[in-house]
Amino acid sequence: MMHEASLLPDTAQSSDTIAVRALQPHEHARWDAFVDACPEATFFHRAGWHTIMEQGFHHDSYFLYAEQDGRIAGVLPLAHLRSRLFGASLVSLPFCVYGGTAGGSAPVRQALDSAALALARRLGVGHLEYRWREAPENMATSWLQKPLYATFRRPLSPDAEQNLLAIPRKQRAVVRKAMAGGLHSAIDYDLRHFYPIYAASVHRLGTPVFARRHFALLRAVFGDACEILTVYHGQQAQASVLLFYFRDEVLPYYGGGSVLARSTGANDFMYWEAMRRASARGYRLFDFGRSKLGTGAYDFKKNWGFTPQPLPYACQLVRARALPEVNPLNPRYALFIRAWRRLPLPLANLLGPHIVRQLG
């Protein structure tokens with residue numbers, strides 16, 4: 001999607017030898033080469049997310065990079081989230097757990113920040129949001145933070161038994177029981193099992209579902225870096241998860257289990273199989289993803305022996321007067337969640353994608 005030139009950072013804008021530019025379609029490989037080599041970059045800094053944002057969610061995207069001496073020195077993926085329910089924002093990056101600036105010296109990050117804030121003002125959004133995994137040193141005081149999420153990351157051993165022993169005893173017993181119960185896993189090459197399990201699972205949580213085409217687009221854009229692992233009991237699929245792979249990391253990102261999964265331990269077995277298979281393929285870090293503080297998912301990951309690492313998401317107010325409160329823990333959404341759970345599943349699957357694209 002092409003954008004009005006007036007909304008984009010001026011490609012001549014520079015600070016000394018630093019110029020901020022917008023990613024062009026022919027530069028995806030160049031952008032990704034920088035991301036692959038940048039220690040602060042994550043899977044969610046990859047250029048493919050530009051395609052996901054624009055083609056999948058129809059959100060205008062502004063993937064900015066700082067160029068210095070002819071080379072990319074830092075990147076900042078942004079998307080313009082417009083919602084009738086929650087207002088407008090410029091986010092790095094919606095529907096992703098990590099984002100913000102990656103790479104570069106302090107002047108490089110400052111150049112990207114200045115370009116992002118100028119863009120946010122031109123777009124007239126309520127706020128600019130960075131989803132940092134780790135906040136940079138000497139973060140400006142203009143950034144406002146409100147602790148809400150933590151992420152859970154832990155190294156993987158090359159030895160499967162060591163990975164199993166790293167799980168606390170009580171949780172390890174659940175995994176061993178599931179292993180002994182006849183469950184097995186397989187890599188699926190389509191959405192036939194994954195999507196119905198996932199959709200029903202999030203419906204039980206009272207959460208709007210993503211469209212099936214979202215997952216098809218993820219598979220098409222990211223190729224071998226996006227995989228589906230499904231757990232079966234005999235021929236019956238009981239749990240399924242979509243995994244991302246980045247450098248030496250594996251990230252189970254979208255997952256769910258059937259009603260039977262709780263009694264058979266299929267959900268627990270699914271995450272164990274994700275660990276076991278990734279370790280066998282040479283991956284050395286398991287990213288269990290983010291969870292909201294004080295939720296069951298947060299406690300579940302702690303029970304696996306993962307230490308929560310608070311996520312320093314931060315916002316700069318543009319037109320808004322206060323930080324947004326768009327999260328399921330907000331009491332004002334409790335009624336909506338209860339009502340959504342009561343919707344017939346086919347209706348929830350029909351309406352959900354139109355709502356979820358506004359949430360980010």
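Leaving aside its neighbours within four places in sequence, which residues is H214 in contact with? In this predicted model, local features need pLDDT of at least 70 and side-chain atom pairs count only at pLDDT 80 or more, whereas totals for chains, interfaces and linings use all residues. Residues are numbered from 1 along each chain as its sequence is written, and side-chain values use heavy atoms, with hydrogens and water left out.

Outside that window of four places, H214 is in contact with I52, F57 and Y254, where contact means heavy atoms within 4.5 Å. H214 belongs to helix α7, residues 212-222; helices (H or I, at least four residues) and strands (E, at least two) are DSSP runs numbered from the N terminus. With a relative accessible area of 5%, H214 is buried, the classes being buried under 20% relative accessible area, exposed over 50% and partly exposed in between, for a 1.4 Å probe and protein chains only.

F215 is in contact with L191, F194, Y195, Y198, F210, L242 and Y254, again leaving aside neighbours within four places in sequence. F215 is also listed with F44, W49, F194, L218 and F244 as touching the most other members of the largest nonpolar core, which has 49 residues. Such a core is a set of buried Ala, Val, Leu, Ile, Met, Phe, Trp, Tyr and Cys residues joined through side-chain atoms within 4.5 Å. Helix α6 (residues 194-205) gives the most to this core, with five residues. A second core, separate from it and made up of 31 residues, includes V241, Y245, A266 and M270.

Helix α6 also packs against helix α11 (residues 334-342), at an angle of about 135 degrees and with the axes 7 Å apart. Axes are lines fitted to C-alpha atoms, for helices over the stretch in contact, and angles run from 0 to 180 degrees between N-to-C directions. The two helices α6 and α11 are therefore oblique to each other, since angles under 35 degrees count as roughly parallel, over 145 as roughly antiparallel, 65 to 115 as roughly perpendicular and the rest as oblique. In this contact H203, R204 and L205 of α6 meet I337, W340 and R341 of α11, and the residues divide into three nonpolar, one polar and two charged. Here Ala, Val, Leu, Ile, Met, Phe, Trp, Tyr, Cys and Pro count as nonpolar, Asp, Glu, Lys and Arg as charged, and the others, Gly among them, as polar.

With helix α12 (residues 345-356), the axis of α6 crosses at roughly 95 degrees, and the axes come within 10 Å, which makes α6 roughly perpendicular to α12. A199, A200 and H203 of α6 meet L345, A348 and N349 of α12, and this contact divides into four nonpolar, two polar and no charged residues.

W304, in the loop between α10 (296-303) and β14 (308-310), counts as buried at 0% relative accessibility. Not counting residues up to four places away in sequence, W304 touches R154, A166, I167, P168, Q171, V175, D268, Y271, W272, M275 and F288. The C-alpha atoms of W304 and Y271 are separated by 9.9 Å, the two residues being 33 residues apart along the chain.

With a disulfide taken as a pair of cysteine sulfur atoms within 2.5 Å, the count comes to zero. The cysteine sulfur closest to that of C38 is in C96, 16 Å away and too far for a bond; C96 likewise holds the cysteine sulfur closest to that of C226, at 12 Å, also too far for a bond. C38 is buried, with a relative accessible area of 4%, and C226 is buried, with a relative accessible area of 3%.
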